[in-house]
Amino acid sequence: MSSSLVAGCLDPFPATTTETASTGDATAGPATITSTSTITSDEPPGTTTPAPTTTSGDQPPGTTTAGPTTTTSEPWTTGTSETSTTESEPGPPPVQRCQLIPAPDLRDAACDGVAECRIREALRFECDGANFYHRLAQAPAGGAALYVQTDAEPSFAVQHEAHALTEQGSGLADIWVTDKPFSPAGNLLPRADGQIELWFQDGPDPPAIHYPPQAAIDGGGYSTPDEERDDIQQFIGTWTRPDDVPMATFIPADSDTIHAMYELPDGRVEQPLIAADAYDIWLHDVAGVLKMSWSEFDSDLDGTYLYVRDLEAPPDQPGTPLVRTGDFSMGRPRDAVLSSFGDGTHGVVLTQRDTGEVPRLVANEPWTYDEELGGTVVDCPTPTCAAGCAAAPPCVESRLETWGVGLQNGPDSVRAWHLECAYDLTLTWEEGSYFDLFCLCNKCRCEGQVQETVEHSCELVASTLAPDPNAPDKLLRSERWRRPLGFEREDLVIDMVVGDDTLWLLTKSLAPTKQIVVWAVDTE
């Protein structure tokens, strides 16, 4: 494990040899080319298949291929190579707008007074213009990739940047420029070879557009896609399987079933995945068997459950309701694992921070567990009108706002991280009233008035959840450490990826200063 990260610009653009295929004759419009062979198979994901020879009949609607040709391309170049179907001069290369900057001051402040600090590195993320949709994507080998969307030249262009996060070094990995002025976020698909692809869909309608690593730049300054998939109705998202296979999910134009796309060493495999509304999924390895889980409301069981089934199961096979997380739409999971203690199928869920809800840590039988993380720590007693509201002394009420971060399955416990942001309210009291339904009359009550709010630094809290040695039928959460990260709760936004040895945590905060930071935290 590296003791530090090197930020800035990696060398993400070496000359690479890729297989590409032309769509046909040259035309005056943009070309659609295919850079990877697509295999539509009913075999389980991960099945070894022979090197494909594809024809237009083997491809999804909207794509065609010819025999592969091998070319060596430099980053962001175009021209009249064997794979180009248009005659045009290359446009100007995109200009990097954002960068990761080492922030030893933030790391040192968080680790102050601690001999062995689990926070390995802090990286400020800064852009020289407007930037949106900051989020992390899981990558093979325990890494992550940071996506950001910025303004670009030419006018009304959108620039998508991918920044790689690894233990060996972090920095810019790739840039794509698209011609959509008001665009949603793209989806990064990090590959096992360290390069990153981009899937982009402008709005709810087809096509879903695929951009390869170091996509060529056309004469107008836009990146050249290698696939425009009219057969994809909705591109959902990307994941990395526990066996380090890149994976994406989508809904075909002629189906309601979610399909999976696996980027295997032999080529791409696409096949039906699940008939349920499993838009957010979690992937697990249980004794070498890949499993998937998702959240769904069950009217028969009157609750929202985490469902689990084998990843390779038939798409119409229902899952097993494993963990009840809440009523109706409450208790949406933020992260879920199948714990290694017990039979390996014991579910643990960290729920989302939603309106009216605090994050909860929940587990199912035989070790049932349900703990709220956050709330009021010190509550002010409410005075009575008979004693006089205004006569009551001021009171300081202490509260915690919490954000669930993530979970990781360890050898004998589940590791959990969450953020606690404490603040104090100084309350005075004045007389108010409420309508009592029993007497159908107004009654007096004392109402607290906030005179002062004192914010405290948000802390990252690391815990473990494991069977209680003193009560084997119960789980015990043990706090391991907590460190202040220097920001406050105002408009706080977070995202995370849990890698093998690293928790990658992205925080966007406004107070005491506006900044975006990526934290690298040792998981063990």
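Phe435, Leu437 and Leu440 together make up a nonpolar patch on the surface, and their combined accessible area comes to about 370 Å². The model described here is a predicted one. Of the patch residues, phenylalanine 435 belongs to strand β28, which covers residues 414-436, and with a relative accessible area of 45% phenylalanine 435 is classed as partly exposed, because that class lies between the limits of 20% and 50%.

**Disulfides**

Over the whole structure, a search returns seven disulfides. Three of them are described here, and their geometry is set out in the table.

| Disulfide | S to S distance | Torsion about the S-S bond |
|---|---|---|
| cysteine 385 and cysteine 444 | 2.0 Å | -90° |
| cysteine 389 and cysteine 446 | 2.0 Å | about -85° |
| cysteine 439 and cysteine 441 | 1.9 Å | about -85° |

The link of cysteine 385 and cysteine 444 is left-handed, with -90° about its S-S bond. Cysteine 385 sits in the loop between β26 (375-378) and β27 (395-409), while cysteine 444 is part of strand β29 (residues 441-455), so this disulfide ties together parts of the protein that are 59 residues apart in sequence. As for accessibility, cysteine 385 counts as partly exposed at 24%, and cysteine 444 is likewise partly exposed, with a relative accessible area of 34%.

The disulfide of cysteine 389 and cysteine 446 is left-handed because the torsion about its S-S bond is about -85°. Here cysteine 389 is placed in the loop between β26 and β27 and cysteine 446 in strand β29, so the pair connects parts that are 57 residues apart in sequence. Cysteine 389 counts as buried at 4% relative accessibility, and cysteine 446 counts as buried at 8%; both assignments follow because buried means under 20% relative accessible area.

For cysteine 439 and cysteine 441, the torsion of about -85° again gives a left-handed disulfide. Cysteine 439 is partly exposed at 34% relative accessibility, and cysteine 441 is partly exposed at 28%.

**Strands around β20**

Strand β20, which runs over residues 303-310, is mostly covered, with seven of its eight residues buried. Strand β19 (residues 289-298) pairs with β20 through eight bridges in the antiparallel sense, and within this pairing methionine 292 has arginine 309 of β20 as its bridge partner. The hairpin of β19 and β20 has four residues between the strands, and in that hairpin aspartate 302 adopts a positive phi near 55°. Strand β20 is also joined by five bridges to strand β21 (residues 320-326), and these two strands run antiparallel. In that second pairing, tyrosine 307 is matched with proline 321 in β21 as its bridge partner.

**A five-stranded open sheet**

Elsewhere in the description, five strands form an open sheet in the order β4-β5-β34-β33-β32, and the pairing is antiparallel. Its edge strands are β4 (98-102) and β32 (493-498), each of which pairs on one side only. On average, neighbouring strands of this sheet are turned by 20° against each other when direction is ignored. Strand β4 runs antiparallel to strand β5 (residues 119-127), and five bridges join the two. Across this pairing, leucine 100 stands opposite phenylalanine 125, which belongs to β5.

Key. Residues numbered from 1 in each chain as written. Predicted model: local features only at pLDDT ≥ 70, side-chain atom pairs only at ≥ 80, totals over all residues. Heavy atoms only, no water. Patch = residues over 30% accessible without salt bridge, like charges linked within 9 Å, V, L, I, M, F, W, Y side chains within 5 Å. Areas by Shrake-Rupley, 256 points an atom, 1.4 Å probe, with all protein chains shown as cover. Salt bridge = Lys/Arg side-chain N within 4 Å of Asp/Glu carboxyl O. Buried < 20%, exposed > 50% of the residue type's maximum accessible area, 1.4 Å probe, protein only. Pairing = 2+ DSSP bridges. Axes fitted to C-alpha atoms, helices over the stretch in contact; angles between N-to-C directions. Disulfide = S-S within 2.5 Å.
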